[in-house]
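Thanks for coming, everyone. I'd like to walk you through one model today, so please have a look at the screen.

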Amino acid sequence: RYYSQYRFQVDYLVSTVSLTALTTDATEYDPGQSVGVSLDLHNDGEPQDVLVEVSLWDGDSDELVDGLPLRTLSGLQGSASLQWIWDKAGVAPGEYVLRATLRNLAGDVLDTATRSFRLGTVAAEVTQLSATPMHFSPGQDVSISWTLRNSGTVRLSGTAVVEVRGPGDAVIARFYEPVSDLTPGGTRSLQHTWNTTGAAPGSYTAVSYVLFDSSASPARSVAITASAAATIYLPIVTRHSQ
């Protein structure tokens with residue numbers, strides 16, 4: 001059946017209750033560390049009963065993971081604050097989202113808010129960097145070796161980067177290496193060869209760092225020097241005849 005006209009009824013209410021803040025006591029948490037949750041709300045109208053719901057959702061799959069105990073505020077007027085401690089035992093590391101909802105006792109939504117956080121810290125560091133030889137003649141290959149370490153508490157994936165910078169911090173050469181699923185505390189050693197053909201005599205710097213999770217690790221650097229080509233003097237042998 002098809003209809004040319006439709007009639008709808010929309011029910012709505014004007015809420016005087018607002019959720020002014022939803023926070024966690026950190027943005028990243030180590031294994032075994034509890035998550036502290038705080039919520040602030042305000043009613044600038046007549047006193048009313050407010051039901052507070054807070055649930056936790058997987059940030060990747062958008063699946064419900066857990067819920068915090070429901071709270072009911074009787075006759076709320078003005079400001080109020082609530083706190084919870086979430087024990088995340090058995091929950092896998094990853095991105096999570098807190099969703100808070102304020103309702104009246106009839107179930108009508110008065111206000112909502114969300115807050116994201118991560119279980120498990122993502123971090124990396126460059127533990128060693130060397131260049132061989134450190135003094136080279138233009139045209140001579142320079143081997144750049146370095147080691148990175150997963151200093152976080154979850155598996156690390158990202159991109160390892162080595163740059164050779166010249167005068168004025170200009171990038172002369174850049175090398176990339178993918179890093180995938182490196183375990184916490186694990187290390188990986190890398191090596192790149194810089195072909196110095198055309199490099200002018202002077203000072204250069206090799207810089208290494210890791211890109212991951214929209215962040216970059218602290219950079220590590222080592223100085224490299226290009227020497228002018230040596231001038232070779234050949235002896236002149238003359239023969240004097242009598």
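I'll go through the nonpolar cores, then the aromatic pairs, the salt bridges and finally a piece of the surface. Please keep in mind throughout that this is a predicted model.

Let's start on the inside. The largest nonpolar core has 29 residues. Which residues have the most contacts inside it? They are Phe-136, Ile-144, Trp-146, Leu-148, Trp-194 and Tyr-204. Several strands feed this core: strand 8, strand 10, strand 11 (156-165), strand 12 (171-182), strand 13 (187-195), strand 14 (202-212) and strand 16 (220-226) each give it at least two residues.

Leu-148 is a nice one to click on. Leaving aside residues up to four places away in sequence, Leu-148 touches, among others, Val-126, Ala-160, Val-179, Leu-190 and Val-210. Polar and charged neighbours turn up on that list too, including Glu-125, Thr-187 and Arg-188.

There is also a second, separate core, this one of 27 residues. Its members include Val-50, Leu-76, Ala-80 and Ala-113.

To get a feeling for distances in this model, take Gln-77 and Trp-194. Those two are 117 residues apart along the chain, and their C-alpha atoms are separated by 69 Å. Trp-194 you've just met as one of the core residues with the most contacts. Gln-77 sits in strand 5 (residues 71-86). Is Gln-77 buried or exposed? With a relative accessibility of 52%, Gln-77 counts as exposed. Not counting residues up to four places away in sequence, Gln-77 touches Asn-43, Gly-45 and Pro-47.

Now to the aromatics. Searching the whole structure turns up 7 aromatic pairs. I'll show you two of them. In the pair of Trp-86 and Tyr-96, the ring centres are 6.5 Å apart and the planes meet at 65°, so we call this pair edge-to-face. Trp-86 belongs to strand 5 and Tyr-96 to strand 6, so the pair ties together parts that are 10 residues apart in sequence. Both of these residues, Trp-86 and Tyr-96, are buried.

The other pair is Phe-136 with Tyr-204. Why is this one called tilted? The ring centres of Phe-136 and Tyr-204 are 6.2 Å apart and their planes are at 45°, so the pair is tilted. Phe-136 lies in strand 9 (residues 135-136) and Tyr-204 in strand 14, so here the parts being tied together are 68 residues apart in sequence. Phe-136 is buried, at a relative accessible area of 1%, and Tyr-204 is buried as well, at 6%. You'll remember both names from the largest core, where Phe-136 and Tyr-204 are among the residues with the most contacts.

One more thing on rings: Tyr-29, Trp-86, Tyr-96 and Phe-117 are linked by ring pairs into a cluster.

On to charges. How many salt bridges does the structure hold? There are 11. In the one between Glu-28 and Arg-118, the closest N and O atoms are 3.9 Å apart. Glu-28 is in strand 2 (residues 28-29) and Arg-118 in strand 7 (residues 109-119), so this bridge ties together parts that are 90 residues apart in sequence. Glu-28 is partly exposed, at 32% relative accessibility, whereas Arg-118 is buried, at 11%.

Next, Glu-53 and Arg-103 meet in a salt bridge at 3.1 Å, N to O. Glu-53 comes from strand 3 (residues 35-58) and Arg-103 from strand 6 (residues 94-103), so the parts joined are 50 residues apart in sequence. Glu-53 is partly exposed at 24%, and Arg-103 is partly exposed at 24%.

Then there is Arg-149 with Glu-125, where the closest N and O atoms are 2.7 Å apart. This pair links strand 10 (residues 141-150), home of Arg-149, to strand 8 (residues 124-132), home of Glu-125, across 24 residues. Arg-149 is partly exposed at 28%, and Glu-125 is partly exposed at 29%. Some bridges also share partners: Glu-28, Glu-95, Arg-118 and Asp-213 are joined into one network in this way.

Last stop, the surface. Tyr-3, Tyr-6, Phe-8 and Val-10 make a nonpolar patch of about 590 Å². Tyr-3 is found in the segment before strand 1 (17-24), and its relative accessibility of 51% makes it exposed.

That's my tour, and thank you all for listening!

Terms used:
Residues are numbered from 1 along each chain as its sequence is written. This is a predicted model: local features need pLDDT of at least 70, side-chain atom pairs count only at pLDDT 80 or more; totals for chains, interfaces and linings use all residues. Side-chain values use heavy atoms; hydrogens and water are left out. Patches are made of residues with over 30% relative accessible area and no salt bridge: like charges are joined within 9 Å, nonpolar side chains (Val, Leu, Ile, Met, Phe, Trp, Tyr) within 5 Å. Accessible areas come from the Shrake-Rupley method with a 1.4 Å probe; for residues, only the protein chains shown count as cover. A salt bridge is a side-chain nitrogen of Lys or Arg within 4 Å of a carboxyl oxygen of Asp or Glu. Helices (H or I, at least four residues) and strands (E, at least two) are DSSP runs, numbered from the N terminus. Buried means under 20% relative accessible area, exposed over 50%, partly exposed in between (1.4 Å probe, protein chains only). A nonpolar core is a set of buried Ala, Val, Leu, Ile, Met, Phe, Trp, Tyr and Cys residues joined through side-chain atoms within 4.5 Å. Contact means heavy atoms within 4.5 Å. Rings of Phe, Tyr and Trp (its six-membered ring) pair if their centres lie within 6.5 Å; planes under 30 degrees apart count as stacked, over 60 as edge-to-face and the rest as tilted.
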